[in-house]
Amino acid sequence: MQLIFNRSIKKLFFLSIAFVCSGITPGLAGIRLPDEVKLWTTKDSNSNNLDTVFRVNGGSINPVQIRHTSLLPIVSLQQQLKANNTGVMVTEQTGEPGTKQYLFFRGISRPLLSETEVYKNQPLIVLDGIPLVGEHPFAYTVQNYDLQRIGPATNLFNGINIDMIESIEVLKDVAATALYGPNAANGAIVIKSKPFKSNRTNRIALNAYTGYVQRPRVTTINGAFENSFRQQFYDLYTSNGKNDSGDQYPIYLSDSLNMDYYGNSNWSDLYYNDGFVYNVNANLSGGGPRANFQFAAGVTKDLGIAEQVKLNKYHATFGLNMKPIKWLTFSTMVNFNKIDRNRNKSLSERFAQMAYFPDLSAPLAPNKEIYSNYRSLYDRGFDNNRTNVIHGFGKLQMDFGDFHFVSSAMVDYNEGYRDQFYPELLMEKNSFVSNYYGFNQRAILENSAYYTWKLNTKNVINIYGGSTLQWETFRYNYAYAYKGINDFIKVNLLDGGLNPTAFQSALVFKYLDRTRHNLVSFFGKIGYAHDNKFEANVVLRSDGSSNAQPTHRWLFTPAISARWNITNTYLKDQKSVQELSARMSIGRIGIVNHFDDFAQGPNYISQIGFTGNQTIAGYNAISVLVRPYETGWIGYDIPWAYTDQVNLGFDFRGHKMGFFASLDLYLKESKNQIVNIPSFSEFGYRSSYKSGMDVQNRGFELTLGIDPIHKNNFKWSTRLNVSHNANKLKALPDGLQELVLHNTTKLVVGKSLDHFWLWKNEGKYNSIDEIPVVNGKRLQFNGIALSPGDPRWADINNDGTINDDDRILTGNKLPKFFGNWYNNFTYGKWDLGLNIYYNLGRKIINQEMSNRFDFINKEGARDIYAVKEITYWEKRGDYDKYPLYNPWSSVIPYQPNQDLFLEDGSFMKLRSASLGYNLTHLINGEVNNKYLSNAYVYVTASNIFTIASYTGVDPELVNYSGYDYGQNMRLPRIYSLGVKIDF
């Protein structure tokens, strides 16, 4: 019976696809169904609302919270989403405006080893039906350090106009995300813009604010403090102030009369800044039943709290709907954004970009005048970062009674430019120039048809089918050069050619790269609804990817969902229950390979590594093809990866005090994923790519809301979101049970992916008698006998030596619980909103303190994480919590891979507060809507305070690695005043 049912479903599916595709150009998945078409609906006997049979069981941000966050001076979608919906975790690793921010939906499907893995964990963003494309990570292959990506590295989702958002929905039902196919393997976030005005009157809306960015208060230090800190180690472990190892005391600390380092530490007056931000956004819409339009334009300036970093955004949107005849509708929308930003002047980011380290023996001085002279050198050069974003769609819809057909073309395109020049005085008389141009584009064609079959007044069947085509291209051109003949020649290496006398040809490096991906999809959906009591949907789709190998080009994925309205079935007479429903979904979604070099198996690449660069595409201007000995062997028979998901949800809404609750329990397993494992060393390879990594995520999401006070002139509404996720590694390729990657991460089957791999620190050996002796030898660390003054690391396996076998998996880099608590108070025309954001159960390695105490090994080292920024002269952390080890010991006692530096990263933050007043009645007088439909003024404050036990700057400012290097810019505290007006 089951087999016959499956065959019947498949036959119906492919018949519907054949019907849709006959004589029609195929297109791509996932457009939002037109709002003007009311489809697949049944009338609720207890309500005037129409429920959609195919409705998605997603979690929409509460309208009150959207209104609150729309008042805040935020410019990115990630900031809008942060803590406003269950299941979506947002991380901001720096307060520098315009930088990348991460989204993780229901955990992670693979270990976060680099920016590439972070990219592969990102959910799909859908704006008005357009599946947006992000910044591809393949450019990281030419970088030595996994810091900012080459190019402008601008957060592309800054291009979404926050003020135009009507609703945001996080799709949690796998049957809903399945309609977007492999693009939504990590979930989907659907954004709907404000609707057009559909009557004969126009609407004019204006939202404007200006805000003040407050500089932080910090405690600065100078050479006297640093000398005092280091002197305690010399007093404890040396006899005459000198170490037997021949250690040279830093010259910049040797002379206490050197006022550059021992004088005033007033650098913060120049480094930190305050300033003003602003936004002006206007919207005009109008029309009639046959045609309507919408136009929006605006400008935004966002500011950081240091180094005069800022972001300027200019955006414009135009939309048009036309209905020339009754059965035909044409819709189009175009959104354009231009984003410019001033970047930081971080030493580490500059050195990483240049792939060059100057002499680091003397750090920047904490004196304001000296630091000012250094900063003035930047004015002789430039660092221009520009990003253009454009996306839009054109859509034809034909309506013939209960049959509807939609044909759409969608495009998302963004391009970035970065031009740099640093004068020779910044680089030991080596000038530096670089140029970058790159773009990311996604083009989509989609055709779909849907039919409503009304069996009777209580039963409805709906059939939906379509086909899609998707083309993606990612490309960059990048070049840099050293040591120009003078600082007056600033060459465009990409477009302007190169004067042979300006730079030596041996010091010019050029990179070109491009990756493509095409996706062909066929999908169908069948839905059934009974009397607004029960509804079920079956989604069937088949996807073909150009990045899949020929033997596994196509993947078939089914999904099913159901919803049972318990209230309408059994509890209609219960006055205390307004709604009680249960929902379930189960299904599979494919995971595409993001790199096209997996498509054909073994391959050649054009790279040779030398001169300190990660990859060079040739030798002495001659192109070279080699096997991928460094990056890893790619074999045959690599199947599609996919994710299986199960979701069980319950929704309750009572009649009293507006109480509601929503609970989701989920299980998600991502299977057949590719991982790079060490192998084939006998053939010269470092590793090979193999499929077979399986990862499980499970958790729950809870939303509670209540209106404790609801009187005529006063109302209090409160909402609490709680999300919990736990991940587990279920399998590795070739039956492996353990895998060590990059000597920093250990994957163990049955354990979490986001554990730290650390030595357990139990104190300090004060005398030689305290050090254990095993088999006649003192306890060793990687072959080095431990001595007094060394850490007391636990010998887990009791073999007499401390090595990687004694490192334990402990702590979690991702929070176990996260969410927010939102409160809204209304009194008359006044309203007050408070948003508290929290992360619980996360751990952080405070590597900033590790670097501070490991001054012997970090002093002058040409290591990107040993670079002393100007913030080195800022008092941070708790110095008293760390033992005084012998810093000259060969065991490197203050290395970060130990739980000595592991801290609790849990925090609770009053993220925002807003106070507003509706003055429409004051302007209109006694006649409503005489002049204005709405007039609202407000003040806000954001990033107000944080409660945490973490001793670093801010537990939120830590990236995916869980290591805090202390180099990220603080989140700004901003106070703003704004007005919203609708005519």
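pLDDT is the predictor's confidence in each residue, on a scale from 0 to 100. I start there since this is a predicted model. The protein chain averages a pLDDT of 87, and 89% of the residues score at least 70. The weak part is residues 1-57, where pLDDT stays under 50. The model still gives that stretch 138 contacts beyond four places in sequence, and I will say nothing further about them.

Now the overall picture. The protein chain has 983 residues, of which 57% count as buried. Its secondary structure comes to 15 helices and 47 strands. If you take the contacts between residues at least 6 apart in sequence, 73% of them join residues at least 24 apart.

Next, the empty space. How many cavities of 30 Å³ or more does the structure hold? There are 17. The largest cavity has about 760 Å³ of space. It is lined by 42 residues, and the closest to its centre are Tyr-119, Gln-122, Gly-134, Glu-135 and Phe-157. Several elements give two or more residues to this lining: helix H4 (115-120), and strands E5 (102-105), E6 (124-127), E18 (459-482) and E22 (577-591). H4 supplies the largest share, four residues. Sorted by class, the lining has 19 nonpolar, 16 polar and seven charged residues.

Strand E18 comes up again with my next element, helix H10, residues 347-354. Why is H10 described as largely enclosed by the rest of the structure? Because seven of its eight residues are buried. Those seven are Leu-347, Ser-348, Arg-350, Phe-351, Ala-352, Gln-353 and Met-354. The buried residues of H10 pack against helix H11 (368-376) and against three strands, E16 (403-422), E17 (432-454) and E18. Just after the helix, Ala-355 takes a positive phi of about 55°.

Last, one arginine. Arg-719 is in strand E29, residues 714-731. Is Arg-719 buried or exposed? The cut-off for buried is under 20% relative accessible area, and Arg-719 has 12% relative accessibility, so it counts as buried. What does its side chain have for polar partners? A polar atom of the Arg-719 side chain lies 3.4 Å from the backbone oxygen of Ile-706. The side chains of Arg-719 and Asp-707 are joined by a polar contact of 3.5 Å.

To recap, then: the largest cavity has 42 lining residues, H10 is largely enclosed, and Arg-719 is buried with a polar contact to Asp-707. For residues 1-57, keep in mind the pLDDT under 50.

Terms used. Residues numbered from 1 in each chain as written. Predicted model: local features only at pLDDT ≥ 70, side-chain atom pairs only at ≥ 80, totals over all residues. Heavy atoms only, no water. Contact = heavy atoms within 4.5 Å. 1 Å grid on protein atoms, 1.4 Å probe; cavity = no way out; pocket = protein on both sides within 12 Å on 5 of 7 lines; lining within 4 Å. Points joined across faces, edges and corners; volume = space filled by probe spheres on them. Nonpolar A, V, L, I, M, F, W, Y, C, P; charged D, E, K, R; others polar. Buried < 20%, exposed > 50% of the residue type's maximum accessible area, 1.4 Å probe, protein only. Polar contact = N/O pair within 3.5 Å; in protein donor to acceptor, adjacent residues only side chain to side chain.
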